[in-house]
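Reader: I have a model open on my screen and would like to learn how to read it. Could you walk me through it, one feature at a time?

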Protein chains: 2
Amino acid sequence: MDEIKVNATKPYSVYISNCSLDFKLLLEDKSIKNIFIITDENVYNNHKKFIDELKDRAIGIKILKPGEESKSLDTVVSIYNELLKANVNRETHIAAIGGGVVGDISGFVASTFMRGINIIQVPTTLMAQCDSSIGGKNGFNYKGLKNIIGTFYQPKFVYIDINFLKTLNEREFKSGISEIIKYGYACDESLFSFILKNKSNIKERKTKELLYIVNKSAAIKGSIVERDELDLNLRQILNFGHTIGHAIESLSYFQLSHGEAVSIGMYLESYLSYKIGYLKWEELESLRKLIEFFKLPYFNKNINYGEIIGIMQKDKKKISNNIKFALPDKVGHAIITTDITNDQIIECLNELKGRL
Amino acid sequence: MDEIKVNATKPYSVYISNCSLDFKLLLEDKSIKNIFIITDENVYNNHKKFIDELKDRAIGIKILKPGEESKSLDTVVSIYNELLKANVNRETHIAAIGGGVVGDISGFVASTFMRGINIIQVPTTLMAQCDSSIGGKNGFNYKGLKNIIGTFYQPKFVYIDINFLKTLNEREFKSGISEIIKYGYACDESLFSFILKNKSNIKERKTKELLYIVNKSAAIKGSIVERDELDLNLRQILNFGHTIGHAIESLSYFQLSHGEAVSIGMYLESYLSYKIGYLKWEELESLRKLIEFFKLPYFNKNINYGEIIGIMQKDKKKISNNIKFALPDKVGHAIITTDITNDQIIECLNELKGRL
């Protein structure tokens, strides 16, 4: 089992394992006797054995409906009710076993119940393992606005088990790959090279390669989080692909998965970067080809690109007039900029629309 | 204007002033141009001028119904709606102008909206000025449980204006006095002596004495908060009077004010301390006489004292079997203990019931 330490205000560890028994050993080791499980129907059905084995120390379990719709105030309230019924106290640890939705909603509940109880993140999707389970961001959607209500609240620890990835459907798996490409392309050239070189084994979900990319991504995320816990500057690098990606995700009425929207976002933002002279054509092409290899989209003709700017400007990250982007200026490195004008964005999008 | 620095994880200042103009100067000084005001009907009616003068920089105002009932999920949601309508962004500062209810609900909203926006606490009651506005605890009541949902979230700064105290009704003023007696009796002998010596001027709300006791209490609170931001140990000293007090407050169906319940709680807990040999009889009597001088209660025959233990055990602070108390062992000093058995509590209460 690997261990990555995240030196946030409240330090914690991310454990990466390929043996499902490790989680019980960790609970034993840390004398955690009293947990409340939050998961969703899919995860519960796929990993019944894993969850049932925890039942001797579980004082309750809440099984959510899968999907983004569960990220709502109603869900939050229904979990509060269950916690009260189960007599949860400050020694209880919430165990959030699932993807981003389970992790986000559980994190919010844990951070607000009794002014904060412990939470253990047990991410089961590739996206959650390499990204959302680390760093303490949580939240839910309200009035159509994604994550508009949420807090920063670091977990007690994160337990990543590679075995969960074996049961993921193709679309969910690819969605996670999209985030890992993001880490490589915007933050770490060696990770990007590794993915290029081992793309077939990654696609086939070979344990060795999965362990490597999850370890690497988690380490990058952890090191960024500890330097900018509250997303005030450095952490915004991780918005690469997400500024346009989030807008595209809403414009598709969530027909595109988060990872698909992000892969389109990464390509469009990198194209912007190429147009203003930061990225070379072959660097842009290496990204496009990798996206294509994993059968992720890099463009979608059905989206009304005219609306993108309006949506980006409503995004909660907006402070100045120009939109803030995290743009790669070479493979493995990105910068934060508000230098791109709206006209430049429109010009790029039209150019691509004509060409692709 | 006095300034007390609180070195919490996120450091901030508590300003104490007796000139209402200082608040606008502070906003000017800190280039805060965009505020959203949360207050209640009473405060708004009593301090229309103060609030209206802020309107040039206010992008919205939410006026709550006064009273504990506003500390609800419904209120939280209605404020979220107003913040969205007013297009609040991350540069906006919420200005919470009011007593504990306004401060608590505003703190929760600020900590959860957009994963945290700035909040300025402008406490208008004595209780909020000397206690609840400092330290970042917030929350609302749910299913009859006080503050069961909440977070720790430090303000940008706290502005305390002594002038607000002049319009407080007698009962609210006395409620604050109860907390200040707590600081003196449990934490600072010199403050307790000052109150004893200047009790008449304090009762008449003389500016000089008010400034002294608010300054002193705020400084004590600040120094405790910076050493134990998350209420894990030291800060529990401030529960003196509150362990029994909270139970009495609910048992009275909130007919007793918080301060009245706390003054009863302080006397009963000090009596416990006397019975187990910590406090001397004359120390206990000096507390009782001071409570009496301010026409606060130290006992209430109508309360069903048999139920107190059950209620205290449901309290969210409970972890071990015995109830945790902060007991003064001499004037100006208290200790945390779980040594008191339930039988001892019952014995004391019965003894007092017979005597008083």
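Reader: Let me start with one strand. How many of the six residues of strand S5 (residues 93-98) of chain B are buried?

Author: Happy to help, and please keep in mind that this is a predicted model. A residue counts as buried when its relative accessible area is under 20%. In strand S5 of chain B, six of the six residues meet that mark, so the strand is largely enclosed by the rest of the structure.

Reader: Which way do the residues of S5(B) point?

Author: The general idea comes first. In a regular strand, side chains alternate between the two faces of the sheet. Here His93(B), Ala95(B) and Ile97(B) point one way from S5(B), while Ile94(B), Ala96(B) and Gly98(B) point the other way. Both sets are buried.

Reader: Which strands pair with S5(B), and in what sense?

Author: Strand S3 (residues 35-40) of chain B runs parallel to S5(B), and four bridges join them. Within that pairing, Phe36(B) has Ile94(B) as its bridge partner. S5(B) also pairs with strand S6 (residues 118-123) of chain B, again in the parallel sense, over six bridges. There, Ala95(B) is matched with Ile120(B).

Reader: Now for chain A. In what order do the strands of its sheet lie?

Author: To read a sheet, go across it from neighbour to neighbour. In chain A, seven strands form an open sheet in the order S1-S2-S9-S6-S5-S3-S4, with mixed pairing. Strand S1 (2-6) and strand S4 (58-64) stand at the edges; each has a single partner strand, so one side of each is left without a neighbour in the sheet. On average, neighbouring strands of this sheet are turned by 15° against each other, direction ignored.

Reader: How many bridges join S6 and S9 of chain A?

Author: Strand S6 (residues 118-123) and strand S9 (residues 157-161) of chain A run parallel and are joined by two bridges. Ile120(A) stands opposite Phe157(A) in S9(A).

Two helices of chain A also belong in this picture. Helix H1 (residues 22-29) packs on the sheet and touches strand S2 (12-17), S6 and S9, its direction making about 160° with that of S9(A). Helix H4 (residues 73-85) packs on the sheet too, touching strand S3 (35-40), S4 and strand S5 (93-98), and its direction makes about 160° with that of S4(A).

Reader: Is Arg288(A) buried or exposed?

Author: Here you read the accessibility, then look for partners. Arg288(A) is found in helix H13 (residues 281-293) of chain A. Its relative accessibility is 13%, so Arg288(A) counts as buried. The side chain of Arg288(A) makes polar contacts with the side chains of Glu285(A), at 2.9 Å, and Tyr298(A), at 3.3 Å. Leaving aside residues up to four places away in sequence, Arg288(A) touches Tyr267(A) and Tyr298(A).

Reader: What domains does chain A have?

Author: The domain assignment gives domain 1 (2-168) and domain 2 (214-355). Their contact takes 26 residues from domain 1 and 18 residues from domain 2 of chain A. The C-alpha centres of these two domains lie 28 Å apart.

Reader: Finally, what rotation superposes chain B on chain A?

Author: A rotation of 180°, with 0.0 Å of shift along its axis, does so with an RMSD of 0.0 Å. The two copies are thus related as by a two-fold rotation axis. The same surface serves both copies, as 100% of the contact residues of chain B recur in chain A. In chain B, the residue that comes closest to the rotation axis is Thr9(B), at 4.0 Å (C-alpha).

How values were computed
Residues numbered from 1 in each chain as written. Chains lettered and ligands numbered in written order. Predicted model: local features only at pLDDT ≥ 70, side-chain atom pairs only at ≥ 80, totals over all residues. Heavy atoms only, no water. Least-squares fit on C-alpha atoms with pLDDT ≥ 70 in both. Contact = heavy atoms within 4.5 Å. Buried < 20%, exposed > 50% of the residue type's maximum accessible area, 1.4 Å probe, protein only. Polar contact = N/O pair within 3.5 Å; in protein donor to acceptor, adjacent residues only side chain to side chain. Pairing = 2+ DSSP bridges. Axes fitted to C-alpha atoms, helices over the stretch in contact; angles between N-to-C directions. Domains from an automatic or database assignment.
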